[in-house]
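Here are a few exercises to work through with the viewer open. Try each task by yourself, then compare your route with the solution below it.

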Amino acid sequence: MGMSVAGSKTGSDSSQATEAVSDSDGADGRTRGRLREVIERRSLPALAAASVAVLVVVFYYPVSTVFVDAVFIEGRLTLRVFGDTLTDPFYFGELARLFAGDSPLAVAEAIRSGNARLGIVGFTAYQAALSTVASVLLGVPLAYLLARYEFPGRTTVRSLTILPFVLPSIMVAVGFYATFGADGTLNAALALVGLGPVDLLPSLTAIVVAHAFYNAPLVARITTAAWESVDASAVETARSLGASPLRAFRDVVWPQIAPSILMGAALTFVFTFGTFPIVLALGGFELATVEVFIYRLIRDLNYAEGAALALVELAISLALLYGYLRYEAAKAVESSGLRPQERRPLRPPSLSVRELLPRVGVAAYAVVAVVLFVAPIASMLYASVSGPTGFTLEHYRFLVERQTTGAAFQVRPGPAVRNSVLFGAAALAVALPMGVVVSVLTTRDYRGRTLVGTVAMAPLAVSGIIVGLGLLRGLVFGVEIGDWRLAVGGPLAIIAAHAVAGYPFVVRIVAPELDALDSQLTESARALGASRARALLDVELPLVWPAVVAGAAFAFALSVGEFTATAVLASGTGQYTMPIAIERFVGRRLGPATAMGVVLLIVTSVSFLLIDRLGGDYGGF
Amino acid sequence: MITVGSESVLELDGVTRRYGGMTAVEELSLSVADGEFFTLVGPSGCGKTTTLRLIAGFEEPMSGTVRFGGTDVAGVPPEDRNVGVVFQNYALFSHMTVGENVAYGLNFAEPPGGVSDEERVAELLELVDLSGTQGRDPSSLSGGQRQRVAIARALAPGPDVLLLDEPMSALDAKLRERLRVQVREIQQELDITTIYVTHDQEEALAVSDRVAVLNEGTVEQVATPRDIYHRPQSRFVAEFVGDNNVFDGEVQAVDGDTATVAVSEETLRVSLGDWRGSPVSVGDRLTFCVRPEELAVGSGANRLTAGVTSSEFLGETTRVRLDWLGQELMLRTREALGGDVTVGFDPKDARVVECRT
């Protein structure tokens with residue numbers, strides 16, 4: 001890349017300028033060399049400053065306006081809205097009475113009597129807890145399979161566990177409708193064997209299962225990594241000291257994987273506590289979580305209450321994350337992992353109970369996993385081409401018709417695809433350099449590195465609703481700076497929201513790779529005369545290029561699938577994206593929604609492949 | 001091979017182990033006596049670690065038998081073999097304290113000597129010179145200390161056999177030398193049968209009662225360190241253990257215990273006294289070797305004139321490389337050398353390691 005940068009510099013010079021340089025006695029050349037050196041030397045700090053500026057303008061400032069919204073009512077500083085929220089049983093259930101000053105005994109009595117109200121916050125925590133349990137129950141067996149068995153396609157399955165991250169949640173919701181809905185494939189399958197129909201939608205079960213679809217692979221991923229780093233020597237030592245295989249697992253393996261399972265569970269809880277599109281699509285307003293309700297408040301233009309509720313939610317999420325991080329730091333297990341445990345073949349080497357039992361379990365799990373993870377996507381594809389009379393392209397025809405004859409206020413597929421791709425490309429252009437710069441900043445040793453890391457990664461913990469609301473209130477509606485009025489267009493705000501949501505993932509993918517690089521590589525380059533920035537371009541980035549490409553694909557896919565912030569920002573405008581279009585369809589007719597879902601799937605897959613192909617050329621420069 | 005008969009606590013008999021198409025150990029037989037410090041040494045991939053794992057029960061042989069005290073242990077899991085294992089990377093349980101690590105094996109066995117678990121842990125930590133570290137976190141210890149904790153842990157339940165798999169490899173040179181002396185002292189104090197795996201031939205010579213040199217899954221030679229060094233039985237052993245000058249030539253004459261061999265354009269006389277292989281006769285191709293310290297400047301029955309190519313000052317001696325008719329020779333000397341020198345050796349200083357008819 002360094003070479004191509006240098007090349008483009010010369011290339012952009014006019015031929016006259018090139019001649020002038022070659023004719024000069026060298027003094028000019030030296031000046032230019034020094035200039036370039038200065039630019040190179042300053043470029044990293046400059047990029048860092050630019051990243052910080054972007055963060056402040058499109059994240060910290062907007063989010064703080066949400067806070068201001070909640071505490072400044074009619075020009076006065078007040079905690080009234082907060083108080084109202086905390087003491088309203090509608091939100092906090094019986095807990096609200098505690099906040100309101102009721103005696104804890106009376107509250108305990110009400111809870112014991114069995115008709116306690118949960119309130120919206122309580123329900124949100126309840127469904128998050130159920131989703132967490134489901135995700136752990138489905139994720140840990142997958143980790144066991146991936147970490148302890150060898151079978152064809154193992155690495156593929158391992159890679160696929162990243163997929164749910166980038167699958168647009170609204171598309172998954174459509175898949176769930178196509179599977180578990182009244183006319184879904186599940187009921188069709190049940191009818192074949194003379195059972196059913198069952199009505200699963202909208203229901204808490206559907207929400208929990210959909211959350212497991214998203215988070216079980218996450219739990220599996222984290223747990224597999226920990227399981228694979230268990231040192232075989234430690235297990236063998238325990239065995240040689242007299243421990244049975246099961247006891248060695250309990251004493252040596254379990255303490256190493258338990259923190260990871262807990263980490264997966266904690267993250268799942270935080271994610272599902274702040275869930276939005278899944279619940280909106282599968283639960284509707286009857287089963288509203290906090291986020292869904294905030295969305296509703298914003299739609300009703302009740303910003304103060306929405307902001308107060310959003311901050312309560314943020315406080316709970318941050319408290320959970322912080323509590324978890326403290327626990328993790330205290331429990332940090334040093335994994336030497338010099339020699340990983342050997343994987344067992346999936347085909348049992350003998351027909352003993354000890355060999356067969358775990359494999360039967362694995363097989364049973366595989367059936368459940370296929371139904372849960374493959375059925376929604378397969379059902380969506382199937383539903384998009386089937387109607388009451390069998391195979392049909394009617395749903396796609398509907399999309400085309402809507403495109404050509406749709407009224408101005410109706411959602412049309414063309415603009416949705418165009419907006420999605422444009423926003424995705426623009427968000428990628430911001431998120432990728434930002435992510436790389438932050439990765440560099442968080443993998444160097446210097447004072448304040450932790451602070452930089454925290455500030456830069458905070459967007460991960462703040463929900464799209466809050467970012468969307470902040471951007472809407474802070475930038476789209478306009479800010480007055482002196483006599484100036486700064487107002488950002490809706491599309492720019494959407495791009496900003498997507499970039500802010502996407503770049504932490506670039507960091508999470510690139511930073512560990514940079515960190516794993518031998519620092520002597522950079523030191524060698526610098527000893528040979530390269531500036532810090534040149535060393536980054538010439539040595540480090542080429543070595544971590546696959547991670548950069550993966551980060552780019554991630555950032556793009558996240559943007560294309562982003563729903564929450566877009567829903568807030570695109571509300572009532574023509575800036576809708578594919579996920580927004582699907583949401584509008586799904587409430588009315590499933591067929592077109594599935595067809596639109598397939599279009600979204602195709603666009604996401606194609607851009608993934610495209611980014612991969614473009615990135616692949618890098619190695620050959 | 002020296003067998004110690006009824007005293008042998010551990011035997012491997014024709015053991016073979018393959019991984020996929022690769023043979024790690026082939027028809028390997030060994031016998032280890034009670035209380036012996038027995039070392040398996042060889043280059044990487046020679047099968048020494050596999051042999052150790054077969055003894056520990058982490059692997060099962062595909063053919064052949066492993067016997068503990070005369071009993072075949074096929075199918076006996078590691079936890080029932082009563083062995084203590086120490087790995088190169090210490091493999092300390094990082095979620096347990098030093099004391100908990102050492103006490104771990106006492107969950108499954110009564111401490112020997114009728115003492116309590118706590119007393120046993122204290123006893124072992126004292127043995128490895130780490131008294132009072134029970135409450136420490138393993139990560140707060142240095143590499144050498146961690147390895148001593150691992151040794152204490154392996155010894156705590158009173159194993160019949162102690163298995164050490166390259167326990168020093170992760171430590172620096174000085175520490176390695178100190179720890180190996182300490183390991184040897186502990187082994188002698190407890191009189192425990194010990195199998196030690198290392199790729200470092202110097203370490204093997206320094207600590208062992210007997211050494212088995214392994215190469216490509218088979219045993220090249222089992223002998224005391226002195227015999228391994230001074231009486232190598234194969235070309236591989238001669239070249240792997242220490243520096244050596246290897247000569248190839250054709251036998252011109254055999255006179256009792258002495259053969260006359262034509263090497264390049266010289267005729268050299270070598271002793272056949274220690275040769276245990278097939279009888280040597282005229283016309284055979286003979287390989288023999290002479291240690292660098294046995295090549296003397298200006299003396300010896302066999303005289304070679306060679307040019308000095310390089311000279312390395314090593315402190316106590318200087319290693320001089322010579323070019324003799326296109327073959328490199330090594331010489332240990334105290335004086336500085338240059339130009340052409342005449343070096344020599346007596347027939348008894350040459351060891352025959354190979355004879356092909």
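**Exercise 1. The contact between the chains**

Find how many salt bridges link chain B and chain A, and describe the side of chain B that takes part.

*Solution.* Start with the charged pairs: there are 2 salt bridges between chain B and chain A. One of them joins B:Glu79 to A:Arg239, with the closest N and O atoms 2.6 Å apart. Keep in mind that this is a predicted model, so distances like this one are computed from predicted coordinates.

Next, count the polar contacts: 5 residue pairs, both at pLDDT 80 or more, are in polar contact between chain B and chain A. Now ask which elements supply the chain B side. Strand E6 (83–86) and helix H4 (143–155) of chain B are the elements that give two or more residues to it. Of these, H4(B) gives the most, with 3 residues. Sorted by class, the side of chain B that touches chain A has 13 nonpolar, 6 polar and 4 charged residues.

Finish with the totals. Chain B brings 23 residues to the contact and chain A brings 23 residues. The area buried between the two chains is about 2,000 Å², and carbon and sulfur atoms give 56% of that.

**Exercise 2. A sheet with two edges**

Work out the strand order of the open sheet that holds E15 to E19 of chain B, and say which strands stand at the edges.

*Solution.* Trace the partners from one side to the other: the 5 strands come in the order E15-E19-E16-E17-E18 in chain B, with antiparallel pairing. At the ends of that order are E15 (296–297) and E18 (327–333), each with a single partner strand, so one side of each has no neighbour in the sheet.

Then zoom in on one pair within the sheet. E16 (residues 302–313) and E19 (residues 340–345) of chain B are antiparallel and share 6 bridges. As a landmark, look for B:Thr305 opposite B:Thr342 of E19(B).

**Exercise 3. A strand with two hairpins**

Is strand E12 of chain B largely enclosed or largely open, and which strands does E12(B) pair with?

*Solution.* Take burial to begin with, using under 20% relative accessible area as the cut-off. In E12 (residues 258–263) of chain B, 5 of the 6 residues are buried, so the strand is largely enclosed by the rest of the structure.

Now move to E11 (residues 245–255) of chain B, which runs antiparallel to E12(B) and is joined to it by 5 bridges. B:Val254 has B:Ala259 in E12(B) as its bridge partner. The hairpin of E11(B) and E12(B) has 2 residues between the strands, and B:Gly256 there has a positive phi near 65 degrees.

On to E13 (residues 266–271) of chain B, joined to E12(B) by 6 bridges, again antiparallel. B:Thr258 is matched with B:Ser271 in E13(B), and B:Val263 with B:Glu266. This hairpin also has 2 residues between its strands, and B:Ser264 in the turn has a positive phi of about 50 degrees.

**Exercise 4. A buried helix**

How many residues of helix H1 of chain B are buried, and what follows the helix?

*Solution.* Apply the burial cut-off to residues 48–56: 8 of the 9 residues of H1(B) are buried, so the helix is largely enclosed by the rest of the structure. Among them are B:Leu52, B:Leu54 and B:Ile55, and also B:Lys48 and B:Arg53. Just after H1(B) comes B:Gly57, with a positive phi near 95 degrees.

Definitions and conventions: Residues numbered from 1 in each chain as written. Chains lettered and ligands numbered in written order. Predicted model: local features only at pLDDT ≥ 70, side-chain atom pairs only at ≥ 80, totals over all residues. Heavy atoms only, no water. Pairing = 2+ DSSP bridges. Helix = DSSP H or I, 4+ residues; strand = E, 2+ residues; numbered from the N terminus. Buried < 20%, exposed > 50% of the residue type's maximum accessible area, 1.4 Å probe, protein only. Contact = heavy atoms within 4.5 Å. Buried area = accessible area lost by both parts, 1.4 Å probe. Salt bridge = Lys/Arg side-chain N within 4 Å of Asp/Glu carboxyl O. Polar contact = N/O pair within 3.5 Å; in protein donor to acceptor, adjacent residues only side chain to side chain. Nonpolar A, V, L, I, M, F, W, Y, C, P; charged D, E, K, R; others polar.
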